[in-house]
Amino acid sequence: MKVCGSGMLKSFYASVIVMTTALGLSSCMPDPLDVDDLNFPGTRIVVSSLILPDNSVAILLTKSIGALEASDDSDPRDLIPEIAINDADVTITVNDSIYNLRLLQDGVYQSPGIPLVPGRECHLKVVSRSLGTVTASTVVQAPIYFDTVNVEPYINEFNDYWAQVTYTIKDPPSPNYYLLNVQKAIRKNMVERILKPDAYTRQVEDKTFDAQEFSEMFRAMHKTFYPGDSIEVSLSNVSLDYFNYVTLRLENQLELVEVFSEPIYYPTNIRGGKGFFTLHLTDVRVVVL
Amino acid sequence: MKPFLLWAFISVSPFFLKGQDVKITGVVRDAGGELVYLANAIILPDSVLFTSDMKGSFTARVKTGPKTVVISYTGFETLTIIRKISQDTTLTFVLTPKVGRLQEVLIEDRKFSNEDIFESAVSGTQTLSKNDLSRLPSFMGEADLLQTVRLLPGSAAGMEGTADMFVRGGAADQNLVLLDNAPIYNPGHLLGFLSVFNPDILDKADVIHGGFPAEFGGRLSSVLNISTLSGIAERTSLSANIGLIASRIKFEQPIVKDKASLWIAGRKSYVDKLVQKVAGKEVPYSFYDLNGKLIVHPSKSHQIEMSHYSGGDNLDFLRDVDGDGRGMHTTHDANNSSQTFKWSHKNSSHWKNDLSMFHTVFGYNTRNAYKEDYQVSARSHIEDFGAKFSIEKDSVWNNATLSTGLEWIRHQISPKVLNSEGSITDLVESGASEGKIVQEYAAFVQHEWAPVSRLTVNAGIRGSMAVTHSRKYIYPEPRVSIRYALKHDQALKFNYSRMVQYLHRISNSAVSTPIDVWFPATDSIRPQTSHQFAMALQRFIPSRKIFLSVEGYYKSMDDLVAYEEGTNLLFKSDFESRLIQGRGKAYGSEFLVRKETGKLTGWVSYSVSWSWRKYDDLNAGGWFRARYDRRHNGAIVVQYALGKRWMASVLWEYISGARFTPVVGQHLALAPNGAGLDLIPEFSAMNNVKLSDSHRLDVGLKLNSKAGARFKWNLSMGVYNVYNRATPFGLVIKQDKQDNTLKYSQPGLFGLLPFISYGCKI
């Protein structure tokens, strides 16, 4: 949704902008006015979380930055060393047991031994020597696994190379919210894996197939996958709050029209900070296209 | 409020019942039979002063006996007649033009005077005529009604170049725009840079911000009541106007002498050709307007008018990034259309009946197609049928007036239909928001009387009802205006209006766009409502025709419509569940000095205002400033007659910056399933930043043909935004080309822009 939707919206607004610019060109373009008194409100700790395939928990800690410190074109891999928080003590408490997470590199903290029992509440505490303390709580989500997954190349009439994914799951009772990702499986290690953003994301709710077997086919459009590529297809069952948070992110990546857009205040469950602390297992399948 | 009204009616009713004198009723005409508006007269020895109304007529009560009536009007010989009056009498006064009368440009100056506004109980109202528009410097040579309206106090502009108007802290959708009584839902061309109203056909436009008459309803903040030409043409005429971006033509033809005539007017743009020539850019865009009116006066007491309007915009744009002739193809077609019928009847007892009916349609179709692979189109459509019947008597009970009537509107709305084809169907689902039919009914009554000397009360009530699918909304809408004459040329006024709005405009962005959606009150979305109080001190200096007004107001608004944070409406056909409702309040003061006649005419206006919003689901439930909470808004509008043929005009406008919510920070967040990192923007608090104030100077010069020439022409030229200052529409982040650093910038759209237009009439 995000690529296509934003593309078309961009096109519409682009036509508006081209027209106004062209009209403006027929006049003298006025010099833009400067802005002197707009300040970044302050640095906060930003938390991201992930359960890795080996069932260890990884927490990425970065700090928020001003709007003028990086543009949309900035490569997160270049940005990470500058904004990673490496001076924090990170703990997760489960049933009165405290687990310390170890710094791997560039703000990524990991602990392999945390018991991830679905339905159990986990409490995160981050104490940074430079930025203070933030806390968060989340409930471990029940895992979901593919029954079957099949990926085939799809080439449209314009020689766009996409991946066509067909999968089957058995949906457990109760409302569930699924995220599916399709991306190239070329990462050598976990840090590289999360720093290489080029995935297609699909959201699925089980309103229409609660407690039933569900199968569907979709195309990971506008991401190029060539035959022979190793494709990573992942599936996770997430909380409703996180599902809504992801929906907001996917629907509002319209940087071209920012000047016309209403603001979006992304929700967070980090007390005193930003980001989202969520613990859900991900079923990852690697398929050669 | 109801008990108050009842008490008011009962308490003043004895005043109506006192003894009556004889009545003089008259009509003032010129030698050619044209009605003369606003002629001044005095009846001696009673010393009764009066002014002829917009139909050239008047009514006065005097004692029986010999009377001397003296009628005067600028450019005409003073007329004096002596008549013995022993019973109710009707007279016709015919004025003779002075030999060597003043140049035409001055005589025709004010067909509609602020003296009417001063004498009435209402405030917050202004009238603009065709002359007010045509004499001002204009954007690319096109005189524009909405741009001129925004120079009056109380109206704040939206983004530069858009048709948005924010009246007394209201929202852009709270303005009822009527063209010959038919609502016009999209009053903007050129994506909003110009209004759809051809200035050639404008008779007058009443701009009502407060003290709303009971006959009007349906919007919270303003009524822009536009009347097109309605006089019987005396001879065939053809006029044309050639401007930089569009040309206009108007043809007027008598059908039966003094009984029937028609006019047809058209406007067509060639902005695409202009930009191609000047900037070498392709702008595949055009617009047009077509107006026509048939006017029939079968007898002196009957008038019939039938009008038609249609207009459209067409955009056809190919975004060909690869240069292979294929790419994202965007087309946008928007069309307005309205037809009206009006029958007026006035009998000898001064009862006047008006029956008007209308049909109006607005719709658009936006289509995005990527190569031949897929396409998405979005359509929206609104169609109204309506009728209004009113009865008015201007001399019930000692010069009191009474009007009452009924109104009905049927809205049929297809808010949004989405169609997707090709490979995109996986991502954008076809769908349609449920069609809505809403019936609006209203009954109104309004009574104006003078309970005691110096005091005039205009009280009315409008009862409105909207019937949705399975719910009825019923609201009483009381209206009260009170005028107290401090001196003969000074008056203190108070008014209160309760307004209800059953239609909302839903916008996908912070500014209105051509793809906004009109959405009615539904079973779950309540109508918007407001209370407005205003108090004004006004003065009119008759000798110099100068009007001064100071007015303060407070307006509270309930059930304003917005949508949940982060809602992307563009590709959603079912968005009702994402709409939220909240409150608003606005207050401020407005100042106006307006000079109507003489070599120097124009006005100075200034408003200081505040406007706030509150939604439970936005800004953590706290109050925040409205986006167009512009603190100061002022304009100096001057026209000066340079000799007999030249007219110079100067317009200077100052507006405080609009509010804006810029991106002030950002952070990295893991993409779903750890599939990468996204840069997430962090916004300031809602509308927490004020854009820079803007000001602009426009100058113009107009040369008219010699007075009395059979072939009349005029040449207008001038410069828009003389000192080339940007009017910022937002905050953007730009990269410095020198050192690659990022910085905030406030771009504007239009800089210095010369214009020229030529008009002629035969």
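Which order do the strands of the open three-stranded sheet in chain B follow? The order is β4-β1-β7, and the pairing is mixed. This is a predicted model.

## The three-stranded sheet of chain B

Two strands stand at the edges of this sheet: β4 (57-62) and β7 (89-95) of chain B. Each of them pairs on one side only. Strand β1 (residues 22-30) of chain B runs antiparallel to β4(B), and six bridges join the two. One facing pair can be picked out: B:Gly26 stands opposite B:Phe58 in β4(B).

Direction ignored, neighbouring strands of this sheet are turned by 25° against each other on average. Strands of a sheet pair through backbone hydrogen bonds, either parallel or antiparallel.

## The four-stranded sheet of chain A

Chain A has an open sheet of four strands. Their order is β13-β12-β15-β18, and the pairing is antiparallel. At the edges stand β13 (200-205) and β18 (282-288) of chain A. Each has a single partner strand, so one side of each lacks a neighbour in the sheet. The average turn between neighbouring strands here is 15°, direction ignored.

Six bridges hold the antiparallel pair of β12(A) and β13(A). Across that pair, A:Leu179 stands opposite A:Gln203 in β13(A). A helix also packs on the sheet: α4(A) touches β12, β13 and β15 (230-238) of chain A. The direction of α4(A) makes about 135° with that of β13(A).

## Two nonpolar cores

How many residues make up the largest nonpolar core? It has 37. The residues with the most contacts inside it are A:Leu38, A:Tyr242, A:Tyr245, B:Leu731 and B:Tyr744. Both chains supply elements to this core. From chain A, β12 (177-184) and α4 (240-251) each give at least two residues. From chain B, β41 (663-670) and β42 (677-683) each do so too. The helix α4(A) gives the most, with six residues.

A:Tyr242 shows how the chains meet. Leaving out residues up to four places away in sequence, A:Tyr242 touches A:Leu179, A:Phe276, A:Thr278 and A:His280 on one chain, and B:Leu670, B:Ala671 and B:Pro672 on the other. Apart from this core lies another, of 33 residues. Among its members are B:Ile117, B:Leu128, B:Val167 and B:Val637.

## Aromatic rings

Over all chains, the structure holds 26 aromatic pairs. One of them joins A:Tyr154 and A:Trp162. Their ring centres are 5.9 Å apart and their planes make 25°, so the pair is stacked. A:Trp162 counts as buried, at 3% relative accessibility. The ring of A:Tyr154 also has a charge over it: the charged end of A:Arg219 sits 3.9 Å from the ring centre. Elsewhere in chain A, ring pairs link A:Phe146, A:Tyr167, A:Tyr200, A:Phe209, A:Phe214 and A:Phe218 into a cluster.

Chain B has a stacked pair in B:Tyr587 and B:Trp610, with centres 5.6 Å apart and planes at 20°. B:Tyr587 lies in strand β35 (residues 579-595) of chain B, and B:Trp610 in strand β36 (residues 600-614) of chain B. The pair therefore ties together parts that are 23 residues apart in sequence. Both rings belong to partly exposed residues: B:Tyr587 has 28% relative accessibility, and B:Trp610 has a relative accessible area of 29%. In chain B, a lysine also meets a ring: B:Lys585 lies over the face of B:Trp623, at 4.4 Å from the ring centre.

## Two residues up close

Is A:Ala84 buried or exposed? It counts as buried, at 12% relative accessibility. A:Ala84 lies in the loop between α2 (76-83) and β5 (88-94) of chain A. Neighbours within four places in sequence aside, A:Ala84 is in contact with A:Leu61, A:Thr62, A:Asp106 and A:Gly107. A:Ala84 and A:Thr62 are 22 residues apart in sequence, and their C-alpha atoms are 4.3 Å apart.

B:Leu146 lies in helix α5 (residues 145-149) of chain B. This leucine counts as buried, at 4% relative accessibility. Leaving aside neighbours within four places in sequence, B:Leu146 is in contact with B:Ala163, B:Pro187, B:Ser195 and B:Leu224. B:Phe660 is 514 residues from B:Leu146 along the chain, and 24 Å separates their C-alpha atoms.

Conventions:
Residues numbered from 1 in each chain as written. Chains lettered and ligands numbered in written order. Predicted model: local features only at pLDDT ≥ 70, side-chain atom pairs only at ≥ 80, totals over all residues. Heavy atoms only, no water. Core = buried A, V, L, I, M, F, W, Y, C linked by side-chain atoms within 4.5 Å. Buried < 20%, exposed > 50% of the residue type's maximum accessible area, 1.4 Å probe, protein only. Contact = heavy atoms within 4.5 Å. Phe/Tyr/Trp six-rings, centres within 6.5 Å; stacked < 30°, edge-to-face > 60°. Lys NZ or Arg CZ within 6 Å of the ring centre and 35° of its normal. Pairing = 2+ DSSP bridges. Axes fitted to C-alpha atoms, helices over the stretch in contact; angles between N-to-C directions.
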